[in-house]
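Work through the exercises below with the sequence and the model at hand. Each task is followed by a solution in steps.

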Amino acid sequence: MSSATDGAASRLGVAGALGMSVTSSVAIVICNKYLISTLGFFFATTLTSWHLMVTFCTLYVAQRLRFFEAKPIDAQTVISFGLLNGISIGLLNLCLGFNSVGFYQASTIHFADPNHCILMTKLAIIPFTMLLETIFLSKKFSRSIKISLMVLLLGVGIASVTDLQLNLLGSIIAVLTIAATCVSQILTNQIQRRLKVSSTQLLYQSSPYQSAVLLVTGPFVDKLLTNRDVFAFTYTFQVVAFIVLSCSIAVCVNFSTFLVIGTTSPVTYQVLGHLKTCLILSFGYVLLRDPFTFRNVAGILVAIFGMGLYSFFSVSESRDKKLSDGPSPPLPISSSQMGEMKDSEPLLGGGGGGGAAAKSSPWNEVKGLQSFDEVPRTAKSAFSRP
């Protein structure tokens with residue numbers, strides 16, 4: 001009964017994380033679209049650093065109020081991880097600046113989430129992530145999963161890619177962007193699982209370093225991309241209000257990003273990112289009356305079909321794996337051990353024992369071995385891995 005309850009709670013937690021990720025990402029797109037389109041605030045990288053700084057301050061207050069316990073992580077690991085994440089965010093913005101948009105309204109979309117940056121770069125992240133996990137983590141992907149992901153990527157490509165114009169510098173930056181994004185997302189998952197830290201603990205430890213990288217480099221990157229100075233911008237009350245709102249939503253985006261990657265996988269997170277892309281395309285048409293063609297509709301339908309296939313095959317394979325593993329059989333007990341058990345303690349709790357300390361039964365030891373592989377459940381920025 002307890003295992004079934006735990007499984008249901010785990011599934012509910014994953015569903016909640018996925019829902020939070022989608023909702024917060026779409027909300028921040030709308031907020032940032034207004035910032036850039038109406039208020040003229042084009043400084044994406046600098047805003048990202050503020051997102052991460054507000055995220056850290058929020059988690060610091062939560063930690064002081066004992067909403068979660070801060071778990072120390074090796075300094076070299078967390079600093080390297082934070083710097084890599086910060087660099088990947090900067091590269092994502094540079095990638096958009098030095099290549100064609102290749103995506104619906106990408107000049108505004110990238111402002112909300114780097115996963116919606118340049119589409120061909122985003123489409124390459126899933127296969128590259130699978131390649132890295134296969135080579136370095138010996139992870140295997142079934143043919144069904146590969147086919148469903150191909151259908152998904154085909155649909156997103158049909159719906160989104162409009163022009164493909166790459167130059168040498170832009171191509172180099174795109175390759176670096178893909179590598180940095182894939183590695184950082186894989187590390188987000190592996191650090192949580194191997195060091196037994198939650199998404200909140202990892203985000204709390206790494207966000208200061210991510211923010212520091214972007215606070216230093218952000219104004220220069222934005223100046224290079226927009227020919228505008230963030231320090232010379234006129235900050236009206238309305239601009240400040242929307243920046244505060246954007247930073248507040250970003251806390252949810254950052255938290256849900258780390259939570260989704262930790263509880264599922266980097267590939268699943270990228271699939272979720274493509275769902276956000278389809279939703280943003282739809283919202284752009286319904287709410288903002290952006291151009292929408294038959295090609296967009298067909299691509300979205302194909303992408304949704306691919307997502308459905310991916311979800312179906314993922315759940316089926318997970319269920320089959322659990323059934324094939326099955327519960328471990330109890331260790332064989334010799335007659336002499338059984339006699340010792342009878343003389344020392346009952347198998348079910350009760351009185352007796354003459355005040356002697358109770359010993360654990362071999363069956364309890366076996367159950368402990370069965371739970372050895374269980375790990376605790378676990379956003380990067382609104383600009384970082386979607």
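The exercises go from the whole chain to helices, backbone angles, aromatic rings and surface.

This is a predicted model, in which local features need pLDDT of at least 70 and side-chain atom pairs count only at pLDDT 80 or more, while totals for chains, interfaces and linings use all residues. Residues are numbered from 1 along each chain as its sequence is written, and side-chain values use heavy atoms, with hydrogens and water left out.

**Exercise 1. Describe the protein chain as a whole.**

Step 1. Helices (H or I, at least four residues) and strands (E, at least two) are DSSP runs, numbered from the N terminus. The protein chain has 13 helices and 0 strands.

Step 2. Of the 386 residues, 46% are buried. Buried means under 20% relative accessible area, exposed means over 50%, and partly exposed lies in between (1.4 Å probe, protein chains only).

Step 3. The accessible surface is about 19,600 Å², and carbon and sulfur atoms account for 67% of this surface. Such areas come from the Shrake-Rupley method with a 1.4 Å probe; for residues, only the protein chains shown count as cover.

**Exercise 2. Compare the span of helix α7 with its expected span, then inspect the loop that follows.**

Step 1. The expected span is 1.5 Å times one less than the number of residues. Helix α7 covers residues 168-194, which is 27 residues, and the expected value is 39 Å.

Step 2. From first C-alpha to last, α7 reaches 38 Å, close to the expected value.

Step 3. Just after α7, Lys 196 has a positive phi of about 55°, although Lys 196 is not a glycine. Lys 196 sits in the loop between α7 and α8 (199-226) and is partly exposed at 37% relative accessibility.

Step 4. Asn 227, in the loop between α8 and α9 (237-263), also has a positive phi, near 60°. With 66% relative accessibility, Asn 227 is exposed.

**Exercise 3. Classify two aromatic pairs and locate their partners.**

Step 1. Rings of Phe, Tyr and Trp (its six-membered ring) pair if their centres lie within 6.5 Å; planes under 30 degrees apart are stacked, over 60 edge-to-face, and the rest tilted. The whole structure holds 12 aromatic pairs.

Step 2. Phe 56 and Tyr 204 have ring centres 5.6 Å apart and planes at 15°, so this pair is stacked. Phe 56 belongs to helix α2 and Tyr 204 to helix α8, 148 residues apart. Phe 56 is partly exposed at 26%, whereas Tyr 204 is buried at 12%.

Step 3. For Phe 81 and Phe 258 the centres are 6.1 Å apart and the planes at 85°, so the pair is edge-to-face. Phe 81 is in helix α3 and Phe 258 in helix α9, so the pair ties together parts 177 residues apart in sequence. Both residues are buried.

Step 4. One aromatic cluster is formed by Phe 41, Phe 43, Trp 50, Phe 233 and Tyr 235.

**Exercise 4. Find the polar partner of the Ser 316 side chain.**

Step 1. Ser 316 lies in helix α11 (residues 294-325). Its relative accessible area is 16%, so Ser 316 is buried.

Step 2. A polar atom of the Ser 316 side chain lies 2.8 Å from the backbone oxygen of Phe 312.

Step 3. An α-helix has 3.6 residues a turn, so residues three or four places apart point the same way.

Methods: Polar contact = N/O pair within 3.5 Å; in protein donor to acceptor, adjacent residues only side chain to side chain.
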